[in-house]
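Biologist: Could you walk me through reading a structure that is new to me? I would like to take one feature at a time.

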Amino acid sequence: MLVFCDLETTGLDPIKDHILEAGFVMTDKRLNICDAFSVIVKPSRDGWRNRLNKYVLEMHTKSGLLDLVETAGIRPTAASMMIEQWLTRIDLPAEHKIPLA
């Protein structure tokens, strides 16, 4: 099994920017999709939207992500728990499991 992850963020700085969406796709060794999961995240700090640069604001507005964040986004702690639940339910032999950080 392989698990691919894609993040949409407010920018590239891991200290000041936030994750807006996390998406995962699980495939078999032949890259056939076995499962997928995504979660929309609403940053916990107020004013995050005002700090977006022009490029990021345009990109996430055009895609509809910013509207989704406002209407359906969940807090980072809840999103983290959902991601962990999805990842830990993957049935792997013990020798292939790694701890989640």
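Biologist: Let me begin with a single residue: is Leu31 buried or exposed?

Modeller: Leu31 is exposed, because its relative accessible area is 52% and the cut-off for exposed is over 50%. Please keep in mind that this is a predicted model. Leu31 sits in the loop between S2 and S3.

Biologist: What else should I look at in Leu31, for instance its phi?

Modeller: Here is the general idea: most residues other than glycine have a negative phi. Leu31 is not a glycine, yet its phi is positive, at about 70°.

Biologist: Which residues make a nonpolar surface patch with Leu31?

Modeller: Leu2 and Phe4 join Leu31 in that patch, which covers about 290 Å². Leu2 belongs to strand S1, residues 2-9. With a relative accessibility of 39%, Leu2 counts as partly exposed.

Biologist: What about Asn32, and where is it found?

Modeller: Asn32 is in the loop between S2 and S3. Asn32 is partly exposed, its relative accessible area being 41%. You can also compare sequence and space here: Asn32 and Leu2 are 30 residues apart in sequence, and their C-alpha atoms are 9.9 Å apart.

Biologist: Let me step back to the whole chain. How many helices and strands are there?

Modeller: The protein chain has three helices and three strands. Follow the sequence and you meet them in the pattern β-β-β-α-α-α. As for burial, 25% of the 101 residues count as buried.

Biologist: Which residue could serve as an example of a buried one?

Modeller: Try Val69, which counts as buried because its relative accessibility is 0%, under the 20% cut-off. Val69 lies in helix H2. Its C-alpha atom is 5.4 Å from that of Lys42, although Val69 and Lys42 are 27 residues apart in sequence.

Biologist: Now for charged side chains. How many salt bridges does the structure hold?

Modeller: The general idea comes first: side chains of opposite charge can pair when their charged atoms come close. This structure holds two salt bridges. In one of them, Glu70 pairs with Lys42, and the closest N and O atoms are 3.5 Å apart. Glu70 is in helix H2 (residues 65-72) and Lys42 is in the loop between strand S3 (33-40) and helix H1 (54-63), so this pair ties together parts that are 28 residues apart in sequence.

Biologist: And which residue forms a salt bridge with Arg49?

Modeller: Glu70 again: the closest N and O atoms of Arg49 and Glu70 are 3.7 Å apart. This pair, too, links distant parts of the chain, with Arg49 in the loop between S3 and H1 and Glu70 in helix H2, 21 residues apart. Put together, Lys42, Arg49 and Glu70 are linked in a network of salt bridges.

Biologist: How do I describe the accessibility of Glu70, Lys42 and Arg49?

Modeller: Take them one by one. Glu70 counts as partly exposed, at 36% relative accessibility. Lys42 is partly exposed as well, with a relative accessible area of 23%. Arg49, at 30% relative accessibility, also counts as partly exposed.

Biologist: I would also like to try Glu8. Where is it found?

Modeller: Glu8 is in strand S1. Its relative accessibility is 25%, so Glu8 counts as partly exposed. Glu8 and Glu21 are 13 residues apart along the chain, with 5.0 Å between their C-alpha atoms.

Biologist: Last, the pockets. How much space lies in the second largest pocket?

Modeller: In general, rolling a probe the size of a water molecule over the atoms shows where empty space is left. Here the second largest pocket holds about 210 Å³ of space. It is lined by 13 residues, and the closest to its centre are His18, Ile19, Val41, Pro76 and Ala79.

Biologist: Which element gives the most to that lining?

Modeller: H3 does, with four residues in the lining of the second largest pocket. Strand S2 (19-27) and helix H3 (76-88) each supply at least two residues of this lining.

Biologist: How many residues of the lining are nonpolar, polar and charged?

Modeller: The lining of the second largest pocket divides into nine nonpolar residues, three polar and one charged.

Conventions. Residues are numbered from 1 along each chain as its sequence is written. This is a predicted model: local features need pLDDT of at least 70, side-chain atom pairs count only at pLDDT 80 or more; totals for chains, interfaces and linings use all residues. Side-chain values use heavy atoms; hydrogens and water are left out. A salt bridge is a side-chain nitrogen of Lys or Arg within 4 Å of a carboxyl oxygen of Asp or Glu. Buried means under 20% relative accessible area, exposed over 50%, partly exposed in between (1.4 Å probe, protein chains only). On a 1 Å grid over the protein atoms alone, a cavity is a set of points where a 1.4 Å probe fits but cannot get out, and a pocket is an open set with protein on both sides within 12 Å along at least five of seven lines; lining residues have an atom within 4 Å of a point. Grid points are joined across faces, edges and corners, and a volume is the space filled by probe spheres set on the points. Ala, Val, Leu, Ile, Met, Phe, Trp, Tyr, Cys and Pro count as nonpolar, Asp, Glu, Lys and Arg as charged, and the others, Gly among them, as polar. Patches are made of residues with over 30% relative accessible area and no salt bridge: like charges are joined within 9 Å, nonpolar side chains (Val, Leu, Ile, Met, Phe, Trp, Tyr) within 5 Å. Accessible areas come from the Shrake-Rupley method with a 1.4 Å probe; for residues, only the protein chains shown count as cover.
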